[in-house]
Amino acid sequence: MHNLTVEEIVSKIDNKELKPSEVVEGLYERIDAHDNDIKSFIRLTKEEALEAATKLDELQEKNEMTGKLFGVPVGIKDNILTKGITTTAASKMLENFNPIYDATVVKKLQDENSVSLGKLNLDEFAMGATTETSYFKKTTNAWNSKLVPGGSSGGSAAAVAAGFVPAALGTDTGGSIRQPASFNGVVGMKPTYGRVSRFGGIAFGSSFDAIGPITRTVKDNAILLDVLSGVDEFDGTSADEEVNVLENIDNDIKGLKIAVVKEFMTDDVNAEVRESVEKAVETFKSLGAEVEEISIDHLDKVISIYEIVSSSEAFSNLARFDGIRFGYRAEAENLEDLYKKTRGEGFGEEVKRRIILGTYMLQAGHFEEYFEQAQKVRRLIIEQFADIFSKYDLVLGPTTAAPAHEFEKPDDNVWMTDVLTIPANLAGLPALSLPCGLTEDRPIGLQLIGNHFEEGKIYNAAYKFEQQFNLHDELKNLTLEVK
């Protein structure tokens with residue numbers, strides 16, 4: 001059961017080869033057997049899932065199957081609101097928080113008759129790159145428990161790779177879908193800013209955040225994004241753009257113009273990663289794509305821009321957690337102590353670090369010096385990408401500077417991964433990570449960046465590449481024994 005893709009589950013349920021309840025029960029058996037080692041879920045919703053699946057069984061019997069994801073199990077990152085089901089953002093601050101409404105993306109999945117199996121672990125408030133800052137547990141890589149799963153969507157990527165769910169939702173502020181997807185050998189999409197509603201996603205950096213799907217295949221990913229996309233009256237930043245990500249997925253890519261960024265392929269990127277990406281370039285050429293090398297200015301500044309702007313936005317977004325309206329509340333004798341103790345005890349160290357940095361950046365005298373300057377350079381990067389996409393269809397490079405590293409043994413050039421992933425968030429561009437290599441049981445990810453609302457082109461190129469290099473068979477043989 002755990003090897004089935006979204007597409008296969010839909011087909012087998014439609015043909016009545018499987019019941020929705022059989023799929024759900026089979027995956028819970030897998031989770032029960034192995035998630036004590038991986039620790040991808042913060043909370044399982046077994047009772048609710050089995051009840052929902054049983055109702056779908058009845059509809060299947062009556063031939064009343066509706067919805068693009070009828071009976072498909074999914075996992076939800078735990079910074080996405082689920083009505084009546086505790087949503088924590090992996091923080092003590094929200095340890096007992098029960099939302100009174102669903103996020104728009106959750107409702108869209110429900111409308112297509114998918115079944116949520118539970119809430120997935122993450123770095124606290126999505127701040128981190130290894131899923132180690134979670135208040136509840138430390139998730140491990142699905143390939144090897146000594147390796148980090150990436151972050152902040154580490155729980156989502158590990159759960160998909162381990163076969164616990166065929167699809168999961170993640171969030172991406174600076175690479176938090178793509179980096180863990182790369183580390184776990186799965187497919188992760190950060191959509192165009194505004195393509196998917198952020199309503200009900202717990203905000204980190206509001207001008208960066210995107211909710212997107214993590215799956216084992218490119219086609220599955222496109223199916224999920226097709227469901228998740230669309231304008232939302234509850235999100236003023238959502239875009240009323242046509243959704244056609246599946247329409248041309250199997251088209252010939254002959255003549256597709258792909259740019260390889262020279263600054264993405266420096267010696268700061270692991271040699272084996274570069275070699276895998278270079279092989280991917282040759283594969284695209286063999287499929288008829290035209291590939292050229294380009295250069296992008298200001299990439300040496302993207303980490304600074306991201307730190308300044310995202311921390312400032314985090315400071316603003318997290319101000320609501322004050323111990324009064326909802327969430328954790330410390331014992332205190334007066335209002336000032338209540339604020340201090342609640343935030344001091346409720347937030348972890350990484351979250352507090354970013355709040356303090358954001359506080360500094362937005363102070364009088366520093367705002368013009370840092371925040372405004374960062375936004376000006378951000379505009380230059382946006383304009384550069386606009387110029388690039390006037391000449392090319394896609395931008396190609398590695399997703400991460402190195403494969404997954406061991407806990408507390410980060411690669412010396414781990415900062416380079418931020419240089420690779422952050423530009424897409426700065427410019428609001430869609431970007432996909434998909435497997436392109438494997439070294440010592442450590443997957444290597446390829447990143448494809450497209451122009452605004454052109455996820456269809458990304459999926460088309462990725463799908464044709466995947467037919468030449470498919471890690472899905474390797475995932476089927478993935479052993480989950482602790483190594």
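Contact here means heavy atoms within 4.5 Å, a cut-off to keep in mind for the views below, which come from a predicted model.

**View 1. Helix α14 lies across five strands of the sheet, β5, β6, β9, β10 and β11.** Look for the helix at residues 455-466. The strands beneath your cursor are β5 (187-190), β6 (210-215), β9 (394-398), β10 (431-439) and β11 (442-450). Relative to β10, helix α14 runs at about 20 degrees.

**View 2. Eleven strands form an open sheet with mixed pairing.** Following the sheet across, you meet the strands in the order β1-β3-β2-β4-β6-β5-β10-β11-β9-β7-β8. From one strand to the next, the twist averages 30 degrees. Which strands stand at the edges? They are β1 (41-44) and β8 (290-294), and each has a single partner strand, so one side of each is left without a neighbour in the sheet.

**View 3. At one edge, β1 pairs with β3.** The two strands run antiparallel and are joined by three bridges. Strand β3 covers residues 115-120. To find your place, start from Arg 43, whose bridge partner in β3 is Lys 119.

**View 4. Helices α9 and α11 cross at roughly 100 degrees.** Their axes come within 7 Å, with α9 spanning residues 302-317 and α11 residues 349-361. Angles of 65 to 115 degrees count as roughly perpendicular, and α9 and α11 are therefore roughly perpendicular to each other. On the α9 side, the contact is made by Tyr 306, Glu 307, Ile 308, Ser 311, Ser 312 and Phe 315. Helix α11 contributes Arg 353, Arg 354, Ile 355, Leu 357, Gly 358, Thr 359 and Met 361. By type, the residues of this contact are six nonpolar, four polar and three charged.

Terms used: Residues are numbered from 1 along each chain as its sequence is written. This is a predicted model: local features need pLDDT of at least 70, side-chain atom pairs count only at pLDDT 80 or more; totals for chains, interfaces and linings use all residues. Side-chain values use heavy atoms; hydrogens and water are left out. Axes are lines fitted to C-alpha atoms, for helices over the stretch in contact, and angles run from 0 to 180 degrees between N-to-C directions. Helices (H or I, at least four residues) and strands (E, at least two) are DSSP runs, numbered from the N terminus. Angles under 35 degrees count as roughly parallel, over 145 as roughly antiparallel, 65 to 115 as roughly perpendicular and the rest as oblique. Ala, Val, Leu, Ile, Met, Phe, Trp, Tyr, Cys and Pro count as nonpolar, Asp, Glu, Lys and Arg as charged, and the others, Gly among them, as polar. Two strands pair if DSSP finds at least two bridges between them.
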